Amino acid sequence: MRKKNIISSLAFILIGIWFSYLTYWLPTRTIPNTPGPSFFPWVIVICFLSLSILLLCKNFFDKNDKKEKSSISYSILKKVFVDRILGLKSFEDIVELAKDFFEKKVLILALIMLTYIALLPFTGFLLTTPFFFASFMYLTSEKRFLYIAFFSISIPFSIFYLFQNVFSILLPNWSF
Amino acid sequence: MNPDVYEGFIKSAQLLSLFATCAGSFIGLIVGMIPGMTISAGMIIILPLTFVMPPSISISLMLGLYTGGMMGGSFSAILLKIPGTPSASATALDGYPMARSGKADVALSTAIIASFIGGLFSFICLYFIAPELAEVALSFRAPDLFSLVFFGLSVICSFATKSIIKGLLSGMIGLLFISVGQDPIMGTERFTFGNADLLSGIHFLTAFIGLFAIPQLADNLIDSVKNINHETNHSNLRHLLPSLKNLKIMRLPTCIGSFLGTFIGILPGAGGPIAAFISYDYTKKINKNPKKFGEGCIEGIAAPESANNAVCGGALIPMMTLGIPGDPVTAILIGALVVHGLAPGPLLFMENAPFAYSVIFSFFWANLFNLLIAMLTLPFLVKLLKTPKSLLLPIIAVLCVIGSYSLRNSFFDVYIMFSFGLLGFFMKWLDMPVVPLLLALVLGRQLEEHMRIALTSSQGDISIFFTSPISVFFLCLSAISVLCPMFFRKREKPSI
């Protein structure tokens, strides 16, 4: 958890600096002695940066957490920023963190979902959803192909009918 | 009788409203019962269906789902030792041992009756407290409202999270997102990068769908891949009416749970799980034979179940009178009201009192329908626990996409939903709570508006927040809510 906290706090600090840059270019107040459009974002950005730095310091200097399990005993900063730059054995640590972040099936689900929502505006609900549905069913270790075929066609069509005709909610159509 | 109360009652008792409440309760019982499905996910999924309904029917449906979900969570807690909702976690401690010893019917009937009584008690509190609180809230000015919203956010960030810094960071991320779009006072574009879709900002319901439903889909997918099959223990569910002896045993724990649950429900950030455990713990401490807790005793089921349903009514009090959600579910209810052009807050009781009372009475009907539906259909409902995940998960995924699309008929919202889903993964990986972010999205705009109005009226003088006694009171409460957990956690072991 310490490694994750340090990486994330560094990422948050970078995001905070980016937001500060964007906020700097917002229009300032036009009426004297009144907060302008940039006032609230500045307050939030300053609080956000302060908390990120606090999280970094707390984990960086936390002496109680030295027994965190790791396949390699180097500290994360040395692994990522020193050894990586020098090309030593740092990839293992990054892979360990990445594995923790993404289970393989979840990664596939994310890709399938991304493809589905990318295609939806062009191919419409009725054409794309059965394929998405079937892929998802297969991903849940359902192996009966007739079962997959039946439900991946009947359920999306039922949902389409229900939403369009019963609830009068328009769903994306074929747009070629 | 007050004509607004009468009109509200008639509105809630119309056939269509009653049907919607009944349907919501039934769906809620199913949603709450299925492990992996939370009440929030269920409400998010049916939310798009409510866009085409009149507001009173839409809210009746959602209230039915809310209360039904709270009761339904206990069924899987008792039969599978897996709480269907986090609020039912304490119920599993005594419910499952009782079911395992062949008394599943006693456990379930206790849970159903206790839930009903808890809900009924909180309805009475809601009916009497809400209008009075709305009148008091009308006298709040901009600095008071700012401090109140600030208190609501700070309590959620500090109390409801394991790590205060991460809770506050999560809230800050939500407030950063709320800055995207047009400035609420002057209409200036902020952080839109020239994208017209971002002018209206990020719809918080889209964020809700992404942050709640997508990570949950992933968790359920992992469970289904690991072939985690849950053995149910429901051999004897014929005798669901409790005996007089059991009703007598239930009296005191149900009263304790009802009172504690209602009070805790009023506090923002302290939801069903906290109420259930505090109620269980207190009932155990005052019991003559505390050792029987954990081995399958009626008191151990009645106390948490009455508490978690009493929380529903308690949470509706600040939601309706102050516009402050006590938990993600009431935040979704606020979203549902906003979509219909109704703003929860003190003005709801002034400008639309019949509607406000119809919501209160719909809550009563929802509790009644929960009791009836649970008693009549429990053997059938339990069979639904075997619904294959291979069907359930894709349906939920498709409904999430449709839900986010139909909010504004925009694909951009679907992309935002997906992005928030990825953010949800990232926050889960970091062990960062999502609730503060969501509530910041709901309350952030109000926070900024009240702050800027207050500072504009005082010509930039910040002391306006410290001159009003109400504002000072809420700011002190905010400071206590952040400092107290820090102090108590330092006495244990801090974990960040």
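Start by selecting chain B and colouring it by burial: of its 496 residues, 64% are buried, where buried means under 20% relative accessible area, exposed means over 50%, and partly exposed lies in between (1.4 Å probe, protein chains only). Keep in mind that this is a predicted model, in which local features need pLDDT of at least 70, side-chain atom pairs count only at pLDDT 80 or more, and totals for chains, interfaces and linings use all residues. Residues are numbered from 1 along each chain as its sequence is written, chains are lettered from A and ligands numbered from 1 in the order in which they are written, and side-chain values use heavy atoms, with hydrogens and water left out.

**Chain B as a whole**

Switch to a cartoon view and you will find 20 helices and 2 strands in chain B. These are DSSP runs numbered from the N terminus, with helices being H or I of at least four residues and strands being E of at least two. Turn the chain around: its C-alpha trace spans about 70 × 55 × 45 Å along the principal axes. The radius of gyration of chain B is 22 Å, which agrees with the value near 23 Å for a compact globule of 496 residues; the radius is taken over C-alpha atoms, and the globule rule is 2.2 Å times the number of residues to the power 0.38.

Now show contacts, meaning heavy atoms within 4.5 Å. Among those in chain B between residues at least 6 apart in sequence, 80% join residues at least 24 apart. With the surface switched on, chain B exposes about 18400 Å², and 67% of that comes from carbon and sulfur atoms. Accessible areas come from the Shrake-Rupley method with a 1.4 Å probe, and for residues only the protein chains shown count as cover.

**A buried charged network**

Next, select B:R452 and B:D183, whose side chains meet in a salt bridge at 2.4 Å, N to O. The term stands for a side-chain nitrogen of Lys or Arg within 4 Å of a carboxyl oxygen of Asp or Glu. This pair links distant parts of the chain, 269 residues apart: B:R452 sits in helix 18, and B:D183 in the loop between strand 1 (181-182) and strand 2 (189-190) of chain B. Are these two buried or exposed? B:R452 is buried at 1% relative accessible area, and B:D183 is buried at 3%.

Add B:R190 and B:E448, another salt bridge, with the closest N and O atoms 2.8 Å apart. B:R190 lies in strand 2 and B:E448 in helix 18 of chain B, so this pair ties together parts 258 residues apart in sequence. Both B:R190 and B:E448 are buried.

For a contrast in setting, move to B:D281 and B:K285, where the side chains form a salt bridge at 3.0 Å, N to O. They are 4 residues apart in helix 11 (residues 272-286) of chain B, separated by about one helical turn. B:D281 is partly exposed at 34%, while B:K285 is exposed at 62%. Going back to the earlier stop, salt bridges that share partners join B:D183, B:R190, B:E448 and B:R452 into one network.

**A loop residue and a helix residue**

Select B:N409 in the loop between helix 16 (389-408) and helix 17 (411-429) of chain B. Its phi is positive, about 50°, although B:N409 is not a glycine. Most residues other than glycine have a negative phi. B:N409 is partly exposed, at 46% relative accessibility.

Then find B:Y127 in helix 6 (residues 104-138) of chain B. Which residues does B:Y127 touch, not counting those up to four places away in sequence? They are B:V5, B:Y357, B:I360 and B:F361.

**Where chain A comes in**

Bring chain A into view. The contact takes 63 residues from chain B and 65 from chain A. Together the chains bury about 6000 Å², 85% of it on carbon and sulfur atoms; buried area is the accessible area (1.4 Å probe) that two parts lose on being put together, summed over both. How many salt bridges run between chain B and chain A? The count is 0.

For the last stop, select A:I15, A:W18, A:Y21, A:Y24, A:W25, A:W42, A:I46 and B:F193, which make a nonpolar surface patch of about 970 Å². Patches are made of residues with over 30% relative accessible area and no salt bridge, with like charges joined within 9 Å and nonpolar side chains (Val, Leu, Ile, Met, Phe, Trp, Tyr) within 5 Å. Helix 1 of chain A gives the largest share, 4 residues. A:W25 is in the loop between helix 1 and helix 2 of chain A, and is exposed at 61%.
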